[in-house]
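Morning, everyone. Have the sequence and the model open on your screens, and I'll walk you through it.

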Amino acid sequence: EHRYRALNLNNLWDSKGKQYLEGMAGLWCTAIGYGEEELARVAKEQMEQLCYSQLFAGKTHEPSILLAEKLKAMMPFDAGRVFYGLSGSDANDTQVQLQWYYHNAIGKPERKKIISRKRGYHGVTIASGSLTGLVPFHKHFDLPIAGILHTDSPHYYRDALPGETEAQFVDRIVGNLEALILKEGPETIAAFIAEPIMGAGGVVVPPDGYYAKVQAVLKKYGIFFIDDEVICGFGRTGKPFGAETMGIVPTTMSVAKAVSSAYLPLSAVIIPEFMYEPFVE
């Protein structure tokens with residue numbers, strides 16, 4: 001009970017004392033609460049004006065453009081383009097597709113592998129479920145698919161060796177990451193994906209210095225950083241994005257959940273302009 005209260009979860013009890021937990025505003029979704037009349041009103045107004053219009057084959061409409069510009073302006077990196085979806089899972093599927101497409105487009109088709117982390121959670125579809133580093137999401141579904149690799153979780157409490165300090169733990173697991181890159185061949189690895197703070201894997205906050213050292217390794221080998229902000233984004237960590245809280249400079253970003261406070265199913269992948277240019281060419 002005390003552990004859940006420390007995590008700011010809502011504790012609900014029935015008449016028999018049985019506990020039910022509604023985690024982090026409904027799985028980290030409804031960040032601004034339930035029943036907000038303003039959101040219901042503007043949704044009604046938009047549905048009366050234009051209920052649906054596709055974003056396909058070069059077509060668009062004003063609300064999607066305005067939202068894309070707002071998202072780009074919020075990004076803690078040089079954002080260029082926004083690709084919409086309906087969930088965090090399909091956003092991270094899109095991340096995989098865009099990495100593959102980009103490296104094909106620039107003439108490096110061998111650079112396709114993506115490194116995720118044990119205990120990481122990135123979704124439940126085929127590609128995103130492969131990125132997820134939790135055994136129950138793999139063992140019954142013949143996952144992960146080829147080209148998805150997993151490195152250590154930065155969970156010092158669970159995974160540190162006896163007598164190992166946090167600094168030693170960070171050096172060891174970042175060393176393991178670099179060893180994995182060298183074993184696989186840096187020229188075959190497109191990206192590394194991480195939640196700034198792990199969610200489903202245990203609300204894991206990495207030790208100090210972890211992301212600085214990870215990013216130094218990625219930069220050394222020209223590997224992109226995919227920032228999965230599906231649960232950390234839009235103020236969850238005290239700053240607009242978890243990347244800002246944790247000192248991450250991402251290459252691309254996935255957002256969902258709190259982007260609409262779950263009033264509508266919505267996600268987005270935000271990429272830099274340099275990735276978009278080869279797509280057009």
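Let me start with a question: how do the residues lining the second largest pocket divide into nonpolar, polar and charged? Before I answer, keep in mind that what you're looking at is a predicted model.

Okay, the answer. That lining divides into 14 nonpolar residues, eight polar ones and three charged ones. The lining has 25 residues, and if you want to find the spot on screen, look for Leu 27, Gly 88, Tyr 121, Val 230 and Lys 257, which lie nearest the centre of the pocket. The space in this second largest pocket comes to about 390 Å³. Two helices each supply at least two lining residues, α2 (24–28) and α5 (88–105). Of the elements, α5 gives the most, with three residues.

While we're at α2, click on Trp 28. That residue belongs to helix α2, and here's the odd bit: Trp 28 isn't a glycine, yet its phi is positive, about 65°.

Now zoom out. The protein has 11 helices and nine strands. The C-alpha trace spans about 65 × 60 × 35 Å along the principal axes. What about the radius of gyration? For 281 residues you'd expect a value near 19 Å from a compact globule, and this protein has 20 Å, so the two agree.

Next, the sheet. It's an open one, with seven strands running in the order β3-β9-β8-β7-β6-β4-β5, and the pairing is mixed. Why do β3 and β5 each have one side without a neighbour in the sheet? Because β3 (81–85) and β5 (148–151) stand at the edges, and each has a single partner strand. Going from one strand to the next, the twist averages 20°.

As a reminder, strands in a sheet pair through backbone hydrogen bonds, and they can do that parallel or antiparallel. For an antiparallel example here, take β8, residues 252–255, and β9, residues 267–271, which are joined by three bridges. If you'd like one pair to click on, Val 255 has Ala 268 in β9 as its bridge partner. Then there's a helix packed on this sheet: α4, residues 62–74, touches both β3 and β9. The direction of α4 makes about 120° with the direction of β3.

Let's go over to the other edge strand. In the loop between α6 (126–131) and β5 sits Pro 144. The peptide bond joining Leu 143 to Pro 144 is cis, with omega at about 5°. Worth a look if you're scrolling through the backbone.

Last stop, the inside. How many cavities of 30 Å³ or more does the structure hold? Just one. The space in this largest cavity is about 50 Å³. Around it you'll find Thr 151, Asp 152, Ile 173, Val 174, Leu 177, Phe 192, Tyr 210 and Val 214. The elements giving two or more residues to that lining are α8 (166–184) and α9 (210–220). Helix α8 has the largest share, with three residues. In terms of chemistry, the cavity lining splits into six nonpolar residues, one polar and one charged.

So, to recap the two spaces: the second largest pocket has 14 nonpolar residues in its lining, and the largest cavity has six. That's my tour, thanks for listening.

Technical notes. Residues numbered from 1 in each chain as written. Predicted model: local features only at pLDDT ≥ 70, side-chain atom pairs only at ≥ 80, totals over all residues. Heavy atoms only, no water. 1 Å grid on protein atoms, 1.4 Å probe; cavity = no way out; pocket = protein on both sides within 12 Å on 5 of 7 lines; lining within 4 Å. Points joined across faces, edges and corners; volume = space filled by probe spheres on them. Helix = DSSP H or I, 4+ residues; strand = E, 2+ residues; numbered from the N terminus. Nonpolar A, V, L, I, M, F, W, Y, C, P; charged D, E, K, R; others polar. Pairing = 2+ DSSP bridges. Axes fitted to C-alpha atoms, helices over the stretch in contact; angles between N-to-C directions. Contact = heavy atoms within 4.5 Å. Rg over C-alpha atoms; globule rule 2.2 N^0.38 Å.
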